[in-house]
Amino acid sequence: YIYIRREYAVRIRIINASWRTANNKAADFMDAGAEGEEGEVKEGEGEDEKVEGAQGETSKTNETELARASASGEAQNKKANNMKVPTTFNEMFMFNGAVMGFGQSAWMNIVLDQFDNIVMNVANSYRLQEECDVCALVMAKYRGTINLGEFKAVMLASLRSLVPKDWDGDHEVAWGWLWENVERMLKNLMGKPQVQEKALERLIMS
């Protein structure tokens with residue numbers, strides 16, 4: 001019992017630490033983006049003041065050239081934003097899913113929406129079961145083939161990309177253990193919501 005408790009405690013700490021690392025990277029990226037936007041606003045204000053101060057001396061040709069340069073700069077900024085590398089777990093998951101050929105597996109988005117709550121409650125088995133129950137209810141409305149093993153493959157690939165320095169064999173075991181539990185709970189519930197819905201409908205109508 002003590003061995004099992006110790007092993008599970010280590011796995012839970014690894015999961016929580018690596019999940020925080022991924023979230024911190026996303027927060028750092030957002031902060032850097034906000035600072036960049038503030039710098040662009042200040043630079044834009046400085047350029048406006050210079051243009052206003054030189055209105056009496058510049059010609060219409062120069063104003064046209066400034067407008068073209070500004071438009072060109074905005075286009076370059078938009079192009080750079082479009083080429084932005086995925087940094088959040090959801091973005092990395094969607095990117096890896098498309099690369100691995102699972103872009104058409106829309107059911108993954110259902111699990112992905114619930115995944116943060118699942119990870120944050122890994123140490124609480126009752127709450128973890130509740131999160132899987134909610135996920136299974138939503139997945140019951142999905143019409144198509146569901147292969148839960150595909151989610152594990154994309155999940156691990158995404159986490160390796162977001163936690164490259166700390167990732168090792170213990171992380172593989174810990175996250176694999178988490179998903180095995182989640183997959184088991186989801187499989188136990190698959191197909192049951194449809195049956196329970198019919199039984200509940202008969203009870204209400206009687």
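**Exercise 1. Work out whether phenylalanine 93 is buried or exposed, then find its ring partner.**

Solution. Start with accessibility: phenylalanine 93 sits at 2% relative accessibility, so it counts as buried, the cut-off being under 20%. Keep in mind that we're working on a predicted model here.

Next, the rings. The structure has ten aromatic pairs. One of them joins phenylalanine 93 to phenylalanine 151, with 4.7 Å from centre to centre and 40° between the planes, which makes the pair tilted. Phenylalanine 93 belongs to helix α3 and phenylalanine 151 to helix α6, 58 residues apart, and the pair thus links distant parts of the chain.

Now check the partner. Phenylalanine 151 comes out at 0% relative accessibility, so that ring counts as buried too.

Last step, zoom out: ring pairs tie Trp19, Phe89, Phe93, Phe115, Phe151, Trp175 and Trp179 into a cluster.

**Exercise 2. Say which residues touch the most other members of the largest nonpolar core, and which helices supply that core.**

Solution. The largest nonpolar core has 40 residues, and Phe89, Phe115, Phe151, Met155 and Trp175 touch the most other members. For the helices, go along the chain: α1 (2-53), α3 (89-99), α4 (107-120), α5 (125-139), α6 (148-162) and α7 (169-189) each give at least two residues to this core.

Then pick out phenylalanine 115 and list its contacts. Setting aside residues up to four places away in sequence, phenylalanine 115 touches Trp19, Phe89, Phe151, Met155, Trp175 and Trp179.

**Exercise 3. Find where the buried residues of α3 sit around the helix axis.**

Solution. First, the list: Phe89, Met92, Phe93, Asn96 and Gly97 are buried in α3. Looking down the axis, these residues fall within an arc of 130°, so they line one face of the helix. Then turn to the other side: the face pointing away from the buried one carries the exposed residues Ala98 and Val99. Finally, look past the helix, where glycine 101 follows with a positive phi near 90°.

**Exercise 4. Test the length of α5 and find out what sits at its start.**

Solution. At 1.5 Å a residue, the 15 residues of α5 should span 21 Å, and the end C-alpha atoms are 21 Å apart, which agrees.

Now the burial pattern. Leu128, Glu131, Cys132, Cys135, Ala136 and Met139 are the buried residues. They cover an arc of only 140° around the axis, so they end up on the same side of α5.

For the start of the helix, check asparagine 124: one of its side-chain oxygens comes within 3.2 Å of the backbone nitrogen of tyrosine 126.

**Exercise 5. Do the same for α7, then place glutamate 183.**

Solution. Length first: 21 residues at 1.5 Å each should give a span of 30 Å, and the end C-alpha atoms of α7 are 30 Å apart, which agrees.

At the N-terminal end, aspartate 168 acts as the cap, with a side-chain oxygen 3.1 Å from the backbone nitrogen of aspartate 170. Beyond the helix comes glycine 191, whose phi is positive, near 90°.

Among the buried residues of α7 are His171, Trp175, Trp179 and Glu183. Take the last of these: glutamate 183 lies in helix α7, and its relative accessible area is 16%, so it is buried. Leaving out residues up to four places away in sequence, glutamate 183 touches Leu148 and Gly149.

**Exercise 6. Compare valine 111 and valine 163: where does each sit, and what is each one's relative accessibility?**

Solution. Valine 111 is in helix α4, while valine 163 is in the loop between α6 and α7. Valine 111 has a relative accessible area of 0% and is therefore buried; valine 163, at 1%, counts as buried too.

Next, the contacts of valine 111. Apart from neighbours within four places in sequence, valine 111 is in contact with Cys135, Met139, Phe151 and Trp179.

For valine 163, use a C-alpha distance: serine 18 is 6.6 Å away in space and 145 residues away in sequence.

**Exercise 7. Give the overall make-up of the chain.**

Solution. Count the elements: eight helices and zero strands. Next comes burial, where 28% of the 206 residues are buried. To finish, take the contacts with a separation of 6 or more: 80% of them are between residues 24 or more positions apart.

Definitions and conventions. Residues numbered from 1 in each chain as written. Predicted model: local features only at pLDDT ≥ 70, side-chain atom pairs only at ≥ 80, totals over all residues. Heavy atoms only, no water. Core = buried A, V, L, I, M, F, W, Y, C linked by side-chain atoms within 4.5 Å. Buried < 20%, exposed > 50% of the residue type's maximum accessible area, 1.4 Å probe, protein only. Helix = DSSP H or I, 4+ residues; strand = E, 2+ residues; numbered from the N terminus. Contact = heavy atoms within 4.5 Å. Arc of directions from axis to C-beta. Phe/Tyr/Trp six-rings, centres within 6.5 Å; stacked < 30°, edge-to-face > 60°. Expected span 1.5 Å × (residues − 1). Polar contact = N/O pair within 3.5 Å; in protein donor to acceptor, adjacent residues only side chain to side chain.
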